[in-house]
Amino acid sequence: SMGPLAADLQQNIMVTVYLLFSHIYIAFAYFTGLIISIILSIKWPSRFSTYSFLGFAILLFSYEYDKHIIEGLRQQTLRSLITLQPHLRFQRLISVTITEILPILFYIAGWAFIYLAIIHAARKLGKKEK
């Protein structure tokens with residue numbers, strides 16, 4: 001008799017779990033950081049927890065923006081701006097801004113806040129030890 005799950009079904013479940021994890025692990029890491037930052041902000045409000053919160057919030061948004069928002073936003077913006085005749089240079093500028101510049105800015109801003117939090121915490125610890 002077959003066990004509780006057939007062998008092929010067990011393997012399919014493992015592959016599904018792996019694919020799910022490999023697809024969302026970055027978002028999960030950012031989300032975990034965000035939750036920890038929120039808890040820290042509530043229990044011990046500080047510049048560190050605020051910077052961490054902002055950093056992880058921006059990084060999570062940046063990840064979702066890359067995966068799910070860019071293309072729709074680009075098309076919607078181009079459709080709403082270009083009504084009668086095409087303005088190719090302007091369209092190119094909009095496309096580059098939405099698809100290339102904004103993602104980089106979000107990513108840099110997110111990590112900048114995380115680094116700010118770490119630097120702030122290290123400086124505070126350094127002052128306490130003196």
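Reader: What makes glycine 72 count as partly exposed?
Author: This is a predicted model, and every value here is computed from it. Glycine 72 has a relative accessibility of 45%. Partly exposed lies between the 20% limit for buried and the 50% limit for exposed. The value of 45% falls between them, so glycine 72 is partly exposed.

Reader: Where does glycine 72 lie, and how far is it from glutamine 85?
Author: Glycine 72 is in helix H2. Its C-alpha atom is 21 Å from that of glutamine 85. Along the sequence they are 13 residues apart.

Reader: Why is alanine 7 called exposed?
Author: Its relative accessibility is 58%. Exposed means over 50%. The value passes that limit, so alanine 7 counts as exposed. Alanine 7 belongs to helix H1. Its C-alpha atom is 53 Å from that of leucine 93, which is 86 residues away along the chain.

Reader: How do you know whether alanine 29 is buried, exposed or partly exposed?
Author: Alanine 29 has a relative accessible area of 43%. Buried would need a value under 20%, and exposed one over 50%. Neither limit is met, so alanine 29 is partly exposed. Alanine 29 also lies in H1, which spans residues 7–43. Between the C-alpha atoms of alanine 29 and leucine 59 there are 9.9 Å, with their positions 30 residues apart in sequence.

Reader: Is serine 37 buried or exposed, and what does it touch?
Author: The relative accessible area of serine 37 is 2%. Buried means under 20%, so serine 37 is buried. Serine 37 is another residue of H1. Neighbours within four places in sequence aside, it contacts Ser49, Ser52, Phe53 and Phe56.

Reader: Why are H1 and H2 called roughly antiparallel?
Author: Helices H1 and H2 (residues 47–81) pack at an angle of about 155°. Angles over 145 degrees count as roughly antiparallel. The angle is over that cut-off, so H1 and H2 are roughly antiparallel. Their axes are 8 Å apart. The crossing of H1 past H2 is left-handed.

Reader: Which residues make the contact of H1 with H2?
Author: From H1 come His23, Ala27, Tyr30 and Ser37, among others. From H2 come residues including Phe48, Phe53, Leu59 and Lys67. By class, the contact has 15 nonpolar, seven polar and two charged residues. Leucine 34 is one of the H1 residues in this contact. Leaving out residues up to four places away in sequence, leucine 34 touches Phe53, Phe56, Ala57 and Leu60.

Reader: What makes up the largest nonpolar core?
Author: The core has eight residues: Ala27, Tyr30, Leu34, Phe56, Leu59, Leu60, Tyr63 and Ile114. H1 and H2 each supply at least two of them. H2 gives the most, with four residues. Apart from this core lies another, of six residues, among them Tyr65, Ile70, Ile82 and Ile94.

Reader: How do you know how H2 and H3 run relative to each other?
Author: H2 and helix H3 (residues 88–129) pack at an angle of about 175°. The cut-off for roughly antiparallel is over 145 degrees. The angle passes it, so H2 and H3 are roughly antiparallel to each other. Their axes lie 7 Å apart. Their contact has 27 nonpolar, nine polar and three charged residues.

Notes
Residues are numbered from 1 along each chain as its sequence is written. This is a predicted model: local features need pLDDT of at least 70, side-chain atom pairs count only at pLDDT 80 or more; totals for chains, interfaces and linings use all residues. Side-chain values use heavy atoms; hydrogens and water are left out. Helices (H or I, at least four residues) and strands (E, at least two) are DSSP runs, numbered from the N terminus. Buried means under 20% relative accessible area, exposed over 50%, partly exposed in between (1.4 Å probe, protein chains only). Axes are lines fitted to C-alpha atoms, for helices over the stretch in contact, and angles run from 0 to 180 degrees between N-to-C directions. Angles under 35 degrees count as roughly parallel, over 145 as roughly antiparallel, 65 to 115 as roughly perpendicular and the rest as oblique. A crossing is left-handed if the near helix is turned anticlockwise from the far one by less than a right angle, and right-handed if clockwise. Contact means heavy atoms within 4.5 Å. Ala, Val, Leu, Ile, Met, Phe, Trp, Tyr, Cys and Pro count as nonpolar, Asp, Glu, Lys and Arg as charged, and the others, Gly among them, as polar. A nonpolar core is a set of buried Ala, Val, Leu, Ile, Met, Phe, Trp, Tyr and Cys residues joined through side-chain atoms within 4.5 Å.
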